[in-house]
Amino acid sequence: MSLVTKCASCGTTFRVTSQQLQAHNGRVRCGSCMTVFDGLEALVTLPDAGAEPQPRETAVASAAVFELEPVEPAAVAAAPAAPARAAEAVSEGKEYGPAPEQLSLDEELFRKPAPRGAGWWVAGAVLLAFALAVQAAYVYRADLAVQYPGLKPYLVQLCDALRCKVSLPQRPRQIAIEASDLQVNDPARPGIIQLTATLRNHAGHDLGYPALDLVLTNTREHTLARRIFLPGEYLEGGRDAEAGIPANAEITVRLDLDTSDLNPAGFRLDLLPAPTQ
């Protein structure tokens, strides 16, 4: 038995196989007028006739194009399966012309075209990702320079363009106050007191000098005065404020303070992140 279908547009009939019809739920393309139609709607079944001359066949080498077999319209009309859908009667011996080039399942037909403007969206997403990467490098430049030393030259170049500095990271919580004291060195000048503090870096890498938050209190621990000292104010002369505290090292800070008539009885000392450019 042979399966025959008919193009809904030009009326050309072709032999088809069940594999061709099942590939895309019966949707095929006519090799004559290139119309896509439902091959199942006009499908009929013809008995094989060994004595009848074989119709002409057109073999196509491409694996994506199927072999075509034009069928005599009179044979289709005689099939009992679907007489209403049979081919129109044509005089016997009429030439159908050259066999159509293809009856293919066009994969491109079922692909959705790319939306317009998709390229601009991709370009915008790439620019946005680049801007976010530059912003992250700017904000975390100190940590990146310490954890990835190979990036430091590039971060310096970035800061040259943005007018910033690649300073050491500020991590006051990794710096401990090992000892601190407040004393009057000269009894004749009780208003002049000296603050001594020992700071130790417990991190595994260099850290920037922190800011010192000093609060003077009375006997009831009420605040009498407060001041924040930056590294440039409490470091001894000749020490570079950008050098920072080496890993697992300690420094001693000494500050002479004029308290006038405040007469402090105690103090509190904390470490804060020092501002960086």
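A salt bridge here is a side-chain nitrogen of Lys or Arg within 4 Å of a carboxyl oxygen of Asp or Glu. Keep that cut-off in mind as you open the viewer, and remember that this is a predicted model.

**Stop 1: R226 and D213**

Select R226 and D213 and show their side chains. The two form a salt bridge, and the closest N and O atoms are 2.8 Å apart. This pair links distant parts of the chain, with R226 in strand β9 (residues 223-229) and D213 in strand β8 (residues 211-217), 13 residues apart. Now switch on the surface and look at each partner in turn. R226 has 54% relative accessibility, so R226 counts as exposed. D213 is buried, because its relative accessible area is 7%.

**Stop 2: R200 and E250**

How many salt bridges does a search of the whole structure find? There are four. For another of these, select R200 and E250, where the closest N and O atoms of the salt bridge are 3.5 Å apart. R200 sits in strand β7 and E250 in strand β10 (residues 250-258), so this contact ties together parts that are 50 residues apart in sequence. Colour the two by accessibility: R200 is partly exposed at a relative accessible area of 27%, and E250 is partly exposed at 46%.

**Stop 3: E236 and R254**

Stay with strand β10 and select R254, then add E236. They form a salt bridge whose closest N and O atoms are 3.9 Å apart. E236 is in the loop between α6 (231-234) and β10, while R254 is in strand β10 itself, so the pair ties together parts that are 18 residues apart in sequence. E236 is partly exposed, with a relative accessible area of 46%, and R254 is partly exposed with a value of 46%.

**Stop 4: two asparagines with positive phi**

Most residues other than glycine have a negative phi. With that in mind, select N248, in the loop between α6 and β10. What is its phi? The angle is positive, about 60°, although N248 is not a glycine. At 48% relative accessibility, N248 counts as partly exposed.

Next, move to N263, in the loop between β10 and β11 (266-272). N263 has a phi near 50°, again a positive value in a residue other than glycine. Is N263 buried or exposed? N263 is exposed, because its relative accessible area is 60%.

**Stop 5: H205 and L195**

Select H205, which you will find in the loop between β7 and β8. H205 is partly exposed, with a relative accessible area of 29%. Add A249 and draw a distance between the C-alpha atoms: H205 and A249 are 10.0 Å apart in space and 44 residues apart in sequence.

From there, go back into strand β7 (residues 192-201) and pick L195. At 3% relative accessibility, L195 counts as buried. For a second C-alpha to C-alpha distance, add V184, which is eleven residues from L195 in sequence and 9.2 Å from it in space.

**Stop 6: the second largest pocket**

Select Q170, A241, E242, P275 and T276 together. These are the residues closest to the centre of the second largest pocket, out of the 14 that line it. The volume of this pocket is about 250 Å³. Which classes of residue make up its lining? Seven of the lining residues are nonpolar, five are polar and two are charged.

**Stop 7: a nonpolar surface patch**

Turn on the surface once more and select Y138, V139, Y140 and L162. They form a nonpolar patch there, with about 400 Å² of accessible area together. V139 belongs to helix α3 (residues 118-139), and with 52% relative accessibility, V139 counts as exposed.

**Last stop: L151**

Finish in the loop between α4 (141-147) and α5 (152-162), where L151 lies. L151 has a relative accessibility of 36%, so L151 counts as partly exposed. Add R141 and draw one more C-alpha to C-alpha distance: the two residues are ten positions apart in sequence and 9.2 Å apart in space.

Terms used:
Residues numbered from 1 in each chain as written. Predicted model: local features only at pLDDT ≥ 70, side-chain atom pairs only at ≥ 80, totals over all residues. Heavy atoms only, no water. 1 Å grid on protein atoms, 1.4 Å probe; cavity = no way out; pocket = protein on both sides within 12 Å on 5 of 7 lines; lining within 4 Å. Points joined across faces, edges and corners; volume = space filled by probe spheres on them. Nonpolar A, V, L, I, M, F, W, Y, C, P; charged D, E, K, R; others polar. Patch = residues over 30% accessible without salt bridge, like charges linked within 9 Å, V, L, I, M, F, W, Y side chains within 5 Å. Areas by Shrake-Rupley, 256 points an atom, 1.4 Å probe, with all protein chains shown as cover. Helix = DSSP H or I, 4+ residues; strand = E, 2+ residues; numbered from the N terminus. Buried < 20%, exposed > 50% of the residue type's maximum accessible area, 1.4 Å probe, protein only.
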